[in-house]
Amino acid sequence: MDIYLIVGSESGNTEMVADCVTTALEERGHSVSRYREGGLEGAALADKKVVLVCSSTTGIGDIPQNVEPLYAELTKKRPSLGHVRYGVIGLGDRNYKDSFLGAPKKWDTLFAELGATRVGSRLELDSTDNPTPDEDAVAWVPSWLAAIEG
Ligand SMILES: Cc1cc2nc3c(=O)[nH]c(=O)nc-3n(C[C@H](O)[C@H](O)[C@H](O)COP(=O)(O)O)c2cc1C
C-alpha cells in the first residue's frame, strides 16, 4: 500500500515516532510518503487512499504549528475525503486534563466529518505512562495494518 503520513509535531517527539513507524511500515513492504508543506495543495489528498495522522497536542488542545495551515484549510474548504481510510496516532499528556490529546481528537473528528473512514482505534500515547512512544507505536503497527488490509 501507499501510506501517507501527516505528522504534527512541536518539539520532535511525534517526528521520532513517525520515523519509527515509517521504518516499520516499509519493512512490511509498504511505501510511505509524508506531508511536508503547502496546505491542501501540498497534501494532494485527492490522490491519497490511506492516511496515518500522527499528532501531538500543543497549547490547550491545539494543533501543532507545522500542520496548522493544512488543518485550517481542510476546515475551511471541506473537501470530500470519502475515498480515504485513515488511522490516528496521538501524543499528549494527561496532566492537560480536558485538553488531553486534543489535537489528534480534532484530526479524527475532522477526517470523519469530511467522509473519511477511520480504521482501527486511535493509538493514544500519554507521556506520563508511555516513556517509549516510538516502541508503543511500532508495536501497534501490525494491528493497524491487519485492520486496514482486512
Ligand atoms: C506548551 C505545551 C502545551 C501542551 N498542551 C497539551 C494539551 O493541551 N494536551 C495534551 O494532551 N498534551 C499537551 N502537551 C503535551 C505534548 O503533546 C506532549 O509532550 C508531546 O509528546 C509533544 O510531542 P511533540 O514533540 O511531537 O510536539 C503540551 C506540551 C507543551 C510543551
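Modeller: A polar contact is a pair of N or O atoms within 3.5 Å. The model here is predicted, so local features need pLDDT of at least 70 and side-chain atom pairs 80 or more, while totals for chains, interfaces and linings use all residues. Numbering starts from 1 along each chain as its sequence is written, and side-chain values use heavy atoms, leaving out hydrogens and water.

Biologist: Okay, what makes Ser56 a polar contact of the ligand?

Modeller: An N or O atom in the Ser56 side chain is 2.7 Å from a ligand oxygen, so the pair falls within 3.5 Å and counts.

Biologist: And which backbone atoms do that job?

Modeller: A polar backbone atom of Glu10 sits 2.8 Å from a ligand oxygen, and one of Thr57 sits 2.7 Å from a ligand oxygen. The protein covers 78% of the ligand's own 640 Å² of accessible area (Shrake-Rupley, 1.4 Å probe).

Biologist: How do you know that H3 and H4 are in contact?

Modeller: Contact means heavy atoms within 4.5 Å. The axes of H3 (residues 68-77) and H4 (residues 102-113) come within 11 Å and cross at roughly 35 degrees. Leu70, Tyr71, Leu74 and Thr75 of H3 make the contact with Lys106, Trp107, Leu110 and Phe111 of H4.

Biologist: Which kinds of residue are those?

Modeller: Six are nonpolar, one is polar and one is charged. Lys106 is in the contact, and Lys counts as charged.

Terms used: Axes fitted to C-alpha atoms, helices over the stretch in contact; angles between N-to-C directions. Helix = DSSP H or I, 4+ residues; strand = E, 2+ residues; numbered from the N terminus. Polar contact = N/O pair within 3.5 Å; in protein donor to acceptor, adjacent residues only side chain to side chain.
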